[in-house]
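Reader: Hi! I'm new to reading structures, could you walk me through this one?

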Amino acid sequence: MRRVKRKSSEAMKLLAKLSGGPLTLGRAIESVRKSEELTQLDCAKKLRVSKSHLCDVEKGRKSVSPERAAKWAKILGYPESVFVQLAIQAELDAAGLKYRVEIEAA
């Protein structure tokens with residue numbers, strides 16, 4: 001299990017480096033969307049949201065609940081824990097709390 005955590009952590013660091021800043025849920029979704037060569041409209045349809053909502057999430061103007069983050073992870077075929085971690089981290093950051101989230105499946 002530690003090997004999986006280490007790989008996930010390394011992947012998140014790489015995504016943060018490639019996206020030009022700290023990894024957020026919006027940046028992660030944008031990276032997934034682009035790597036799968038989906039337009040914003042196609043990805044929004046897949047996630048069952050409007051294109052403008054997806055754009056706002058990708059640009060950091062809107063946040064996503066941990067529940068919705070988990071649902072989107074399933075739809076996109078990615079680990080729920082990563083998307084949930086990023087959603088919770090965004091809530092803490094928005095509240096000005098200086099904590100780092102680490103998620104471990106029960």
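Author: Happy to; we'll go through the core, a few helices and some salt bridges.

Author: This is a predicted model, where local features need pLDDT of at least 70, side-chain atom pairs count only at pLDDT 80 or more, and totals for chains, interfaces and linings use all residues. Residues are numbered from 1 along each chain as its sequence is written, and side-chain values use heavy atoms, with hydrogens and water left out.

Reader: Cool. How many residues does the largest nonpolar core have?

Author: It has 20 residues, and those with the most contacts inside it are Leu25, Ile29, Leu47, Leu54, Trp72 and Phe83. A nonpolar core is a set of buried Ala, Val, Leu, Ile, Met, Phe, Trp, Tyr and Cys residues joined through side-chain atoms within 4.5 Å. Buried means under 20% relative accessible area, exposed means over 50%, and partly exposed is in between, with a 1.4 Å probe and protein chains only.

Reader: And which helices supply at least two residues of this core?

Author: Helix 2 (25-35), helix 3 (40-47), helix 4 (51-58), helix 5 (66-76) and helix 6 (80-94) each do. Helices here are DSSP runs (H or I, at least four residues), numbered from the N terminus.

Reader: Let's pick one. Which residues are buried in helix 3?

Author: Gln40, Cys43, Ala44 and Leu47 are buried there. Seen down the axis of helix 3, its buried residues fall within an arc of 100°, so they line one face of the helix. That arc is taken from the directions from the helix axis to the C-beta atoms.

Reader: Why would residues three or four places apart point the same way?

Author: An α-helix has 3.6 residues a turn, so residues with that spacing point the same way.

Reader: Got it! What do the buried residues of helix 3 pack against?

Author: They pack against helix 2, helix 4 and helix 5. Take Leu47: leaving out residues up to four places away in sequence, Leu47 touches Leu54, Trp72, Ile75 and Leu76. Contact means heavy atoms within 4.5 Å.

Reader: What about Lys46, which lies in helix 3 too? What does Lys46 touch?

Author: Lys46 touches Glu36, Leu38, Ile75 and Leu76, again not counting residues up to four places away in sequence. Lys46 counts as partly exposed because its relative accessibility is 36%. Lys46 and Trp72 are 26 residues apart in sequence, yet 9.0 Å apart in space, C-alpha to C-alpha. Just after helix 3, Arg48 takes a positive phi of about 60°.

Reader: New topic: how many salt bridges does a search of the whole structure find?

Author: It finds six. A salt bridge is a side-chain nitrogen of Lys or Arg within 4 Å of a carboxyl oxygen of Asp or Glu. One of them joins Lys34 and Glu30, with the closest N and O atoms 3.1 Å apart.

Reader: How far apart are Lys34 and Glu30 along helix 2?

Author: They are four residues apart, so about one helical turn separates them. Lys34 is exposed at 51%, whereas Glu30 counts as buried at 18%.

Reader: Which residues are linked in a network of salt bridges?

Author: Asp56, Arg61 and Lys62 are. In the Asp56 and Lys62 bridge, the closest N and O atoms are 3.9 Å apart. Asp56 is buried at 19% relative accessible area, and Lys62 is partly exposed at 40%.

Reader: Last one: how far does helix 6 reach?

Author: Helix 6 has 15 residues and reaches 21 Å from its first C-alpha to its last, close to the 21 Å expected at 1.5 Å a residue. The expected span is 1.5 Å times one less than the number of residues. Its buried residues include Val82, Phe83 and Gln89, and just after helix 6, Gly96 takes a positive phi of about 80°.
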